[in-house]
Every structure is written in structure tokens, then in C-alpha cells.
Amino acid sequence: MLPYSPLSVSYNGKTCILFRARKLAIRYRNQSLVDLTERTFSPDAPVDTKGSFCSKDKAILNLRFGDVEDLRGLSIRLQMSNTFYESAGQNWFTLDNVYIHYNWTHEATFNATDVYAPSTNSYHCQHVSSLQKYDTLLVPSANTDHAAHWHITFTDFQIQAFNVHSSKFVAASDCATFFTPAILMGLITSLILLLVLAYALHMVVHLKHIDRYEEHKTTVYFPRSTEAESTEKNNL
């Protein structure tokens, strides 16, 4: 059991995003680690989610923390999308980017396109992090971006940004187990190639059988009658 209930975010009076993590921590350069877990999920001091947004194909979770230690105007923004993939035959959720906004004018941008799940499910992963020891699902958008100076880690991360119908998560797709659109497309392509190969082998075997039959087929000889031979001689 996690120490806090999921963070529920509403837009236009309707709950549209559910989010929780066992721990949310950030570090800037060589400064001390900043634990934002309680600031995010504690019912006594709920985080400001003003600026969050939901639509059919886009969602933004905006976590505004204000001044935290030496950081001024700190906020973390998760930008998500909902896309239909023909190869999978369904919509998939993708966490496109994670932004850290600080000191009012500075922003670090992380790409997170390896974080995805079917839109009918929530997404869960033990670690969504910029650290290599956690597989680096959050990648700085560029070498010159401020993100290169930041580390951010969500532990026991779970989110649902589409098809939210209550305050509870639906079944989760785990980052280590579910099939991605690319995997599904690869499986379908492999199946088609196997069917084509099986058909080709069947045709080769069938043609060899026909050739063997032609080789063993006997020639039928019909002897000519003596009357026919006499008639031909008389004609000559």
C-alpha cells in the first residue's frame, strides 16, 4: 500500500487525471536531494494543479510547488497524448515530455516517449527516472538543455490520463510486461510472412509432386488394324 491516495485532477468539473508515486525526488546539479512526495500527495498540503488540462487526445498534469529550498517558482509538468495505432487497433497513451520549471524563467525538458500504455489502462512502472541505473526513461531533450543539470525520479509511478471514470485506477499496464504498438506490429508482420512462406512451400511440394507424376506416366500405344494398313497401301 502506498502512503498516500492518488492525486485526482479535475478539468471543467470532471476528474480526468489520476496520479500517484511512492516517492518523487529531484536534484539540481550537486545540491541536496529534494523530496517532493509529501508536497505532492499529502492531504494536509495538496499541491496546486492549476494549469492542468484534459481533452480527448491531449492532457497536461501541472504540479506547482512554489518556493522549495533554493528553488523559486518550482513546478513539474507532465505532457501526455492519446493516439490511435492501426497496427494495434486501439488508442495508446504516451507521456511525451516532463518539464521542470524553476526560478521563474528557467525550464528543463525531458523526452519520455518510452512511457506508454493502452489508453484503456493506467500505466505503472517501478521507476520513471532520468538516472541510468533506472533505465533512463526520462531523457534530456538536448545536450544544451537545462535538463542535463537535473535528476528526477518517480518511484512506483502510476498515472491515468484518459478514460478516467472514477477516483480509482483501472487495471495497470506495467512497463516491463505489456506489448507496445511496435511489438504488436512486428508480431503481425511476422505472422503474415510465416503464412506466405508456408503457402510457398506448399506450392513447391505440389509442383514436385506433379513433375514426379509426369515422369512415371506411361505412354499408351494403340495398334493399327490390318484393314487400315491395306487401305493406306491401296491409296499409295
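Seven aromatic residues, Phe 19, Phe 41, Phe 93, Tyr 123, Phe 154, Phe 157 and Phe 162, come together as one aromatic cluster. The model in question is a predicted one, and its rings make a handy place to start. Across the whole structure, a search turns up eleven aromatic pairs. Take Phe 93 and Tyr 123: their ring centres sit 6.3 Å apart with 50° between the planes, so the pair goes down as tilted, the label for angles that are neither under 30 degrees nor over 60. The two partners come from distant parts of the chain, with Phe 93 in strand β8 (residues 90-102) and Tyr 123 in strand β11 (residues 122-129), 30 residues apart. Phe 93 counts as buried because its relative accessibility is 3%, and buried means under 20%. Tyr 123 is buried too, with a relative accessible area of just 1%.

Phe 154, another member of the cluster, belongs to strand β13. Its relative accessibility is 0%, so Phe 154 counts as buried. Who are its neighbours? Setting aside residues within four places in sequence, Phe 154 is in contact with Phe 19, Lys 23, Leu 24, Leu 78, Gln 126, His 127, Val 128 and Leu 138. One of these, Phe 19, is also in the aromatic cluster. Then there is Cys 125: it is 29 residues away from Phe 154 in sequence, yet the C-alpha atoms of the two are 8.8 Å apart in space.

Next door in the sequence is Thr 155, also found in strand β13. Thr 155 is buried, with a relative accessible area of 14%. Not counting residues up to four places away, Thr 155 touches Ala 21, Arg 22, Lys 23, Gln 126 and His 127. Lys 23, Gln 126 and His 127 turn up on the contact lists of both Thr 155 and Phe 154.

Now for the charges. How many salt bridges are there? The count comes to three. In one of them, the side chains of Arg 22 and Asp 156 meet at 3.3 Å, N to O. That bridge ties together distant parts of the chain: Arg 22 is in the loop between β2 (14-20) and β3 (23-28), while Asp 156 is in strand β13 (residues 150-160), 134 residues apart. Are these two partners buried or exposed? Arg 22 is partly exposed, with a relative accessible area of 38%, whereas Asp 156 counts as buried at 13%.

Another bridge joins Asp 48 to Arg 64, with the closest N and O atoms 3.1 Å apart. Here too the pair links distant parts of the chain: Asp 48 lies in the loop between α1 (37-41) and β5 (53-54), and Arg 64 in strand β6 (residues 58-68), 16 residues apart. Asp 48 counts as partly exposed at 35% relative accessibility, and so does Arg 64 at 39%.

Glu 107 and Arg 77 make a salt bridge as well, at 3.4 Å from N to O. Glu 107 sits in strand β9 (residues 106-111) and Arg 77 in strand β7 (residues 71-85), 30 residues apart, so this is one more link between distant parts of the chain. Glu 107 is partly exposed, with a relative accessible area of 27%. Arg 77, at 21%, also counts as partly exposed, because the limit for buried is under 20%. Arg 77 has another partner: its charged end sits over the ring of Tyr 99, 4.2 Å from the ring centre.

The backbone has a couple of oddities to point out. Most residues other than glycine have a negative phi. Asn 103, however, has a positive phi near 50°. Asn 103 is placed in the loop between β8 and β9 and is partly exposed, with a relative accessible area of 30%. Thr 136 also has a positive phi, of about 50°, although it isn't a glycine. Thr 136 lies in the loop between β11 and β12 (139-140), and it is partly exposed at 23% relative accessible area.

Last comes the surface. Ile 188, Ile 192 and Val 196 make a nonpolar surface patch of about 270 Å². Where does Val 196 belong? Val 196 is in helix α2, which covers residues 181-216.

Key
Residues are numbered from 1 along each chain as its sequence is written. This is a predicted model: local features need pLDDT of at least 70, side-chain atom pairs count only at pLDDT 80 or more; totals for chains, interfaces and linings use all residues. Side-chain values use heavy atoms; hydrogens and water are left out. Patches are made of residues with over 30% relative accessible area and no salt bridge: like charges are joined within 9 Å, nonpolar side chains (Val, Leu, Ile, Met, Phe, Trp, Tyr) within 5 Å. Accessible areas come from the Shrake-Rupley method with a 1.4 Å probe; for residues, only the protein chains shown count as cover. A salt bridge is a side-chain nitrogen of Lys or Arg within 4 Å of a carboxyl oxygen of Asp or Glu. Helices (H or I, at least four residues) and strands (E, at least two) are DSSP runs, numbered from the N terminus. Buried means under 20% relative accessible area, exposed over 50%, partly exposed in between (1.4 Å probe, protein chains only). Rings of Phe, Tyr and Trp (its six-membered ring) pair if their centres lie within 6.5 Å; planes under 30 degrees apart count as stacked, over 60 as edge-to-face and the rest as tilted. A charge sits over a ring if NZ of Lys or CZ of Arg is within 6 Å of the ring centre and within 35 degrees of the ring normal. Contact means heavy atoms within 4.5 Å.
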